[in-house]
Amino acid sequence: MSAQHSAQHPDPARLCHAAAVRLAADADPDRLADRYLTVTRRHRLAAGRLWVERVRAGLASTRRDAELARPLPAGGPDLRAVLLRHDDGADLVLVACRHAVGRHRLGTLLTDLTQLTIVNSALADPALADSALVADSAPAIAVGSSAVELSDGDDAGDAGWLRGDPGADRTAVHTVAVPTGTDLTALVAAVGAVLARYRGVRRPRVGAVVGERLTVVAVPVDGGARDLLATAGPGSPWPAPGAPVPAGLLDVEVGVLDADSTADAYRPCLAPVWPLTLALAGTTLACHHRTAGWAADLVEAFARQVVRVLGQILADPDRRLDDCDPLGDAGRAAIVALGRGPGELPAPKDTIHDRIARHAATHPDAPAVSCAGERLTYGELDDRARRVARALTAHGVAPGDRVGVCLDRSVDLVAVLLGVLRAGAAYVPVDPAYPVDRIRYTVEDSGVALLVGAGGVDAAELTADGPPAALTAAGPSTEGSGPVEPHVGGPDDPAYVIYTSGSTGRPKGVRVPHRNVLALVDATAADFGLGPHDTWTMFHSSAFDFSVWEIWGCLLTGGHLVVVPHLVVRSPGEFHALLAAERVTVLNQTPSAFAQLLDVDRRAADPLAVRLVVFGGEPLDARMLTGWYDRHPEPDCRVVNMFGITETTVHVTAQTLDRGLALAGSRSVGRALPGWRVYVLDPAGRLLPPGAAGEIHVGGAGVADGYLHRPELTAERFRPDPFSGGRMYRSGDRGRLLPDGRLEHLGRLDNQVKVRGYRIELDEIRQVLLDDPAALAVAVLVETGAEAADTRLHAYVVLADAAGSVAELRRRAARLLPDYMVPATITALPALPLTANGKLDAARLPAPAAAITAPADPACAPADDARLDERIRAIWQRVLGTEVGPEDNFFDLGGNSLLALRLLRELRDQGLADLTPRHLYLHQTVRGLAEAIGAAR
């Protein structure tokens, strides 16, 4: 094999084919060796001598198979011949390199060599006996797409759409029957139609090899199969240079392979030429593939779909390829069943507060909620929530109203949320850490009847003993004053409205009823073993939907909820100590937060009692878990990766992970929960087969009521479910369903990203910046790194006034956006680079401008502190990736809570100080932090 071909195809077996012929028992090895030398010289082939081997009785078939499967070495001869002699006769095996010896030339060689009695040959063709120097001309078809991933190149690098098990790599073959007299053009069209469906492309590129030359055909799926090859371009030597083709087809000409031949008489490839190689022999289509690259069950399904489409094309050559149906009614029903969670759930008939009240009545002394030393039993929590409900009613809150809750983390936060539900209202959580303008927008857009906290009604008034202040102001309370019992309501009543980022610049409120939350807990409680023996943490903000799972998942199963104070959330060391002290058993984390906890856990002496870790909020790189399993073996601690969306009630699927999946970097998020349904659809809304990537749609028990005050957006995203009835949510997430019903999450389809677990629309940040008169044009990009802390947002602006200040733009954005949405940098440009189509050309944007830093003033710093200042400043610069001045604010330079933890870790590792995040929040400049460290010393 030439060096050129060896470089392009490091596995030489991909370009080798082989044939075997049975000779009579009296075949003369010497005469055959002489003839072999003469024939190979006439064909101008680089070939060695004929190898002759005597095979013991009973091993003839095994040795023949082994020789047929043994490829030529890279850079070796073009041909190898082996004669295996045994009691039943002799087998002549030829192994050839395709670029030197094509399929018909291999048949000619066998004909020239076997002037002796031939018992059986798969390739010998007497008509070609005198045509040794005639070029191969029989057609073969090579099928594939552009380069990688069966697409027009837009998904390069993601070639795992039929990915198998990397731990058991071997060549496998699956066969399927095709109609008699299959036309090769129709077969190319059929493969192109199926490839287009798998990737949603309009013109998948299919290679056609004729006479060992490759021609690329762009199959237009919006047309028919007739005259398809007329679109072929000029041929090139096969295999063509460039990126490998992921799938292809070899033709074994009808009539060349005798009907009574043994199956391995001719092997068109010793290893798949492409990851999936389809070999057509008469009415048989054999699918060769490596199990590490292509899952066997998906290959079988792919072949069946090709044959189904082929039948439709043969029946109607003018039929639009895109209108062909590769699945059929039975296939679609099977896929729908595959994406359905196991079992069915009875529809909830009560409410969240009903269930908690019943538990409080039977277990009044069981621990319910605690925070920073304050603890409530279920009886006390129920009583406090009842007082809140009555107070809210006294303030004019009616069933069906919405109540804004903007409270710091405390037991009262949980009591108020429960009290809102007992009053028949829905709570609208607002994080007190949000900017004032963001809080104002949420309150005004949701139309709350009352705001608790943030300048509204004080929580202490609602939870205090005695009659509500609203009744006291109106006159003495009597037995009949106000409702004796709060409104009970039903499962269809809204429970909460949580706001998510919006692409129009306006966050949108998602309205979720009681029944969805109850269904979520019912779907997971038994599988996860949730019960009164568990202690949970409420780690996340009440304005983040992960908290819905933490709060109500705990209380609805009788567990003890530990509310984590705001500053403890930002200190992995303190949080780990809290987990140990409270003997927490159920831990819910975003991967970003868990990565920080891992570092502490590795160094901690105190063991944790955690038996269940649930990941959510953002994609998980499972490889990070290997260290966790070292300290927390799988039998002791179950780790579950869950995929979900606010609009589908927190969680949709669940995947229990183990060390093997972690080492493999599994992207699976598991099967749908009981009562939930998952579909993967193409842009036309058609079901895609397992293994094909498309947009994830979710149906079933978790689908929310819609967006508050946004009927057009609700109609766009919440659609009728044509497969199972009811409604489904169009997620905007990309994924694929696997043959066992598990879902792989492959990222977003739109301009949405995840930062620190929060779902962010880049267009919302862009709109906030554009609303400033100083900005004429804005682009916002996300920069991801090896760790979650490295994820940063960068904005580029065209200023209305060249003298304008990007610093003022950023300050305004910080007043309107939560800290995790404020760009780390804002770079001023004279104009945004555009493509020929007038779209942003992100590739031409310059590197983000370094943050403006304050110059050092040596006169302001004592000489003894100068060296400490410089050491701290050097660490800041490494962590932030920009120049830092002594008076620069850490958070103004793009710092966030995750980068703060990295900074503190470096300070500790260098022996400067062992600080907590509190110190950095109090001393946010280099000089301020240095002074604090110096004073502590």
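Author: The expected span of a helix is 1.5 Å times one less than its number of residues. Keep that handy, and keep in mind that this is a predicted model.

Reader: OK, so how do you know that the ends of helix 18 are as far apart as they should be?

Author: Helix 18 covers residues 591-603, which is 13 residues, so the rule gives 18 Å. The end C-alpha atoms are 19 Å apart, and that agrees.

Reader: What makes you say helix 18 is mostly covered?

Author: Buried means under 20% relative accessible area, and 10 of the 13 residues of helix 18 meet that. Among them are Pro591, Phe594, Leu597 and Leu598, along with Asp599 and Asp601.

Reader: Phenylalanine 594 pairs with tryptophan 628; why is that pair called edge-to-face?

Author: Two checks. Ring centres have to lie within 6.5 Å, and these are 5.1 Å apart. Planes over 60 degrees apart count as edge-to-face; here the angle is 65 degrees, so the name fits. The structure holds 12 aromatic pairs, by the way.

Reader: And what does the pair of phenylalanine 594 and tryptophan 628 tie together?

Author: Phenylalanine 594 is in helix 18 and tryptophan 628 in helix 19 (residues 626-631), so the pair links parts 34 residues apart in sequence. Both residues are buried.

Reader: Why is the pair of tyrosine 707 and phenylalanine 718 given the edge-to-face label?

Author: Their centres sit 5.4 Å apart and their planes are at 75 degrees, so this pair is edge-to-face too. Tyrosine 707 belongs to strand 30 and phenylalanine 718 to strand 31, so parts 11 residues apart in sequence are tied together.

Reader: How do you know that tyrosine 707 is buried?

Author: Its relative accessible area is 4%, and the cut-off is under 20%, so tyrosine 707 counts as buried. Phenylalanine 718, at 5%, passes for the same reason.

Reader: Now cysteines. Why is cysteine 554 called buried?

Author: Cysteine 554 has 0% relative accessibility, so it falls under the 20% limit. Cysteine 406, with 5%, is buried as well.

Reader: How many disulfides are there?

Author: Zero. To count, a pair of cysteine sulfur atoms must be within 2.5 Å.

Reader: What makes arginine 49 count as lying over the face of tryptophan 51?

Author: CZ of Arg must be within 6 Å of the ring centre and within 35 degrees of the ring normal. Arginine 49 lies over that face at 3.7 Å from the ring centre. Arginine 438 lies over the face of tyrosine 434, at 5.7 Å.

How values were computed
Residues are numbered from 1 along each chain as its sequence is written. This is a predicted model: local features need pLDDT of at least 70, side-chain atom pairs count only at pLDDT 80 or more; totals for chains, interfaces and linings use all residues. Side-chain values use heavy atoms; hydrogens and water are left out. Buried means under 20% relative accessible area, exposed over 50%, partly exposed in between (1.4 Å probe, protein chains only). Helices (H or I, at least four residues) and strands (E, at least two) are DSSP runs, numbered from the N terminus. Rings of Phe, Tyr and Trp (its six-membered ring) pair if their centres lie within 6.5 Å; planes under 30 degrees apart count as stacked, over 60 as edge-to-face and the rest as tilted.
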